[in-house]
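The following explanation leads through a structure step by step. Please keep the sequence and the model in view while reading.

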Amino acid sequence: MKKFLNYITELIYPPRCVMCGELLDPGTERVCFCDMCRGIWESEKTAQCPECRRRVNECGCQPKYNRSRTVDSFRTLSFYDSDNVKKLIKTVKTDRDPALEALLGRDLSSLIMRYYKIDGDCVVAYPNRDRVSVKKYGFDHARLLCKKVSEYTGVPVYPYIKHRHTRQQKTLSAKERGYNAVRSYYIPDRYRDLLKNKRIIFIDDVVTTGATSVVCASLCKAAGASGFSVFSVARTQ
Ligand SMILES: [Zn+2]
Ligand SMILES: [Zn+2]
């Protein structure tokens, strides 16, 4: 029955490539890229950082807000500055696509398993999407990505970093983002003890100034977390 419903849904809303929007063959195996864009995504993941000259997944450059190293490390799958990556991120935020979630969840998980030592103290966390956007788009993309990462890595999800309704980060300047992020996130008192001695693997779609990550890291560390590392789909250079 589910297969049949999927078939009908695909006839009405034929799947499109998440990067270029080209129509895809409604097939048995759900894919999210056309052949060309699949190749483009693979090459975005090997782009070179203009500053440290390393490949994107090996780049250890720090975003602006992490000068005091509140976040232990930043790793990313791609650089946001490319138009293709921008289109991909837009789809991640606005159109729910389980095939894309699965693909990015797998890519993030291999990045984590390559650069992070997973043990029993590790948990995955994410910045809750603000209520207005959840209402507008119908889903919290960060939560869905985080769930996929948890599925592939076996690390449990700790959904305890909550979002209070403030202005959206994307509407603000770099300086305002810092202040706004401080007001936006909090960990309810009843969850604080759960974070003691945990090593947080923080999943985010885009890291720009790093303000959100740094604020969430200080909240978790104040609650007793022993580590906080960020893994993102994209990061500005
Ligand atoms: Zn395409
Ligand atoms: Zn770099």
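In this predicted model, the zinc ion (ligand 1) has as its protein donors the SG atoms of Cys17, Cys20, Cys34 and Cys37, which lie 2.2 to 2.3 Å from the ion. Along the chain, these donors of the zinc ion follow the spacing C-x2-C-x13-C-x2-C. Cys20 and Cys34 form a pair that links distant parts of the chain: the two cysteines are 14 residues apart, and both belong to the loop between α1 (2-12) and α2 (35-44).

What is the geometry of the site of the zinc ion? The angles among the 4 donor atoms are 101 to 117°, and the site is tetrahedral. Four donors count as tetrahedral if all angles lie between 85 and 135 degrees.

Is cysteine 20 buried, partly exposed or exposed? Cysteine 20 has a relative accessible area of 41% and is therefore partly exposed. Cysteine 34, by contrast, is buried, because its relative accessible area is 7%, and buried means under 20%.

The description now turns to the packing of helices. Two packed helices are described by the angle between their axes and the distance between the axes. For α2 and helix α3 (residues 83-94), the angle is about 110° and the axes are 10 Å apart. Angles of 65 to 115 degrees count as roughly perpendicular, and α2 and α3 are therefore roughly perpendicular to each other.

Which residues meet where these helices pack? From α2 come Ile40, Trp41 and Glu44, and from α3 come Asn84, Val85 and Leu88. By class, this contact of α2 with α3 comprises 4 nonpolar, 1 polar and 1 charged residues.

Key:
Residues are numbered from 1 along each chain as its sequence is written. Chains are lettered from A and ligands numbered from 1 in the order in which they are written. This is a predicted model: local features need pLDDT of at least 70, side-chain atom pairs count only at pLDDT 80 or more; totals for chains, interfaces and linings use all residues. Side-chain values use heavy atoms; hydrogens and water are left out. Donors are N, O and S atoms within 2.8 Å of the metal (3.2 Å for Na, K and Ca); water is not among the atoms, so sites may look incomplete. Four donors count as tetrahedral if all angles lie between 85 and 135 degrees; four count as square planar and six as octahedral if opposite donors are over 155 degrees apart and all others between 65 and 115; anything else is irregular. Helices (H or I, at least four residues) and strands (E, at least two) are DSSP runs, numbered from the N terminus. Buried means under 20% relative accessible area, exposed over 50%, partly exposed in between (1.4 Å probe, protein chains only). Axes are lines fitted to C-alpha atoms, for helices over the stretch in contact, and angles run from 0 to 180 degrees between N-to-C directions. Angles under 35 degrees count as roughly parallel, over 145 as roughly antiparallel, 65 to 115 as roughly perpendicular and the rest as oblique. Contact means heavy atoms within 4.5 Å. Ala, Val, Leu, Ile, Met, Phe, Trp, Tyr, Cys and Pro count as nonpolar, Asp, Glu, Lys and Arg as charged, and the others, Gly among them, as polar.
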